[in-house]
Amino acid sequence: MEESRADYASALRQVQKEGDEIPSSILHQISEKAIGFLEKVAGLADGANQARLLRERLLKGDYQGLLEELPHELECGRTG
């Protein structure tokens with residue numbers, strides 16, 4: 001589980017680093033999978049609520065906001 005968190009966070013940071021060279025469709029797919037992962041592992045209502053808010057950002061196309069927040073959310077959930 002921790003390795004998956006790190007992989008998603010790393011992928012999102014790489015996308016952020018590459019900037020406009022990454023098509024928005026790829027960013028959308030990676031973000032969708034990362035949010036789905038957060039929803040799956042969210043045991044508390046706050047975690048599920050945060051995933052819902054991130055999904056709303058995704059649907060609005062707020063990719064910059066997602067790239068700033070989503071890796072952090074993944075890393076905050078680490079236990080090890």
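**Figure 1. Close-up of R5 in helix α1.** R5 is found in helix α1 of this predicted model. Its relative accessible area is 8%, and because buried means under 20% relative accessible area, R5 counts as buried. The side chain of R5 reaches the backbone oxygen of L74, the distance being 3.4 Å.

**Figure 2. Close-up of helix α1 along its length and around its axis.** The helix α1 has 17 residues and reaches 24 Å from its first C-alpha to its last, a value close to the 24 Å expected at 1.5 Å a residue. The residues R5, A9, L12 and V15 of α1 are buried. When α1 is seen down its axis, these buried residues fall within an arc of 120 degrees, so they line one face of the helix. An α-helix has 3.6 residues a turn, so residues three or four places apart point the same way. On the other side of α1, the exposed residues are E3 and K17.

**Figure 3. Close-up of helix α2 and its buried face.** Helix α2 comprises the 18 residues 24-41, which at 1.5 Å a residue should span 26 Å, and the end C-alpha atoms are indeed 26 Å apart, in agreement with that expectation. In α2 the buried residues are L27, S31, A34, I35, F37 and L38. Viewed down the axis of α2, the buried residues fall within an arc of 155 degrees, so they line one face of the helix. K33 and K40, on the other side of α2, are exposed.

**Figure 4. Close-up of S31 and its contact with L27.** S31 is found in helix α2, and with a relative accessible area of 0% this residue is buried. A polar atom of the S31 side chain lies 2.9 Å from the backbone oxygen of L27. Both L27 and S31 are listed with the buried residues of α2.

**Figure 5. Close-up of Q29 and L58, a pair from helices α2 and α3.** Q29 is found in helix α2, whereas L58 is found in helix α3, which covers residues 45-60. The relative accessibility of Q29 is 48%, and Q29 therefore counts as partly exposed, since exposed requires over 50%. L58, by contrast, is buried, with a relative accessible area of 1%. The two residues are 29 residues apart along the chain, and their C-alpha atoms are separated by 9.9 Å.

**Figure 6. Close-up of the side chains of E56 and R52.** E56 lies in helix α3, where it is partly exposed, with a relative accessible area of 34%. The side chains of E56 and R52 are joined by a polar contact of 2.7 Å.

**Figure 7. Close-up of E69 and L12, a pair separated in sequence.** E69 is found in helix α4, and at 24% relative accessibility this residue counts as partly exposed, because the buried class is reserved for values under 20%. L12 is one of the buried residues of α1. Along the sequence E69 and L12 are 57 residues apart, and in space they are 10.0 Å apart, C-alpha to C-alpha.

**Figure 8. Close-up of the second largest pocket and its lining.** The volume of the second largest pocket is about 150 Å³. Its lining consists of V15, Q16, G19, D20, I22, P23, S24, L27, Y63, Q64 and L67. Two or more residues of this lining come from each of α1 (2-18), α2 and α4 (63-76). Of the elements, α4 gives the most to the lining, with 3 residues. By character, the lining residues divide into 6 nonpolar, 4 polar and 1 charged. Among the lining residues are V15 and L27; V15 is buried in α1, and L27 is buried in α2.

**Figure 9. The setting of the close-ups within the whole chain.** The protein chain has 4 helices and 0 strands, and from the N terminus on its elements run α-α-α-α. Of its 80 residues, 25% count as buried. Among the residues shown in the views above, R5 is buried at a relative accessible area of 8%, L58 at 1% and S31 at 0%, while Q29, E56 and E69 count as partly exposed.

Methods:
Residues numbered from 1 in each chain as written. Predicted model: local features only at pLDDT ≥ 70, side-chain atom pairs only at ≥ 80, totals over all residues. Heavy atoms only, no water. Expected span 1.5 Å × (residues − 1). Buried < 20%, exposed > 50% of the residue type's maximum accessible area, 1.4 Å probe, protein only. Arc of directions from axis to C-beta. 1 Å grid on protein atoms, 1.4 Å probe; cavity = no way out; pocket = protein on both sides within 12 Å on 5 of 7 lines; lining within 4 Å. Points joined across faces, edges and corners; volume = space filled by probe spheres on them. Nonpolar A, V, L, I, M, F, W, Y, C, P; charged D, E, K, R; others polar. Polar contact = N/O pair within 3.5 Å; in protein donor to acceptor, adjacent residues only side chain to side chain.
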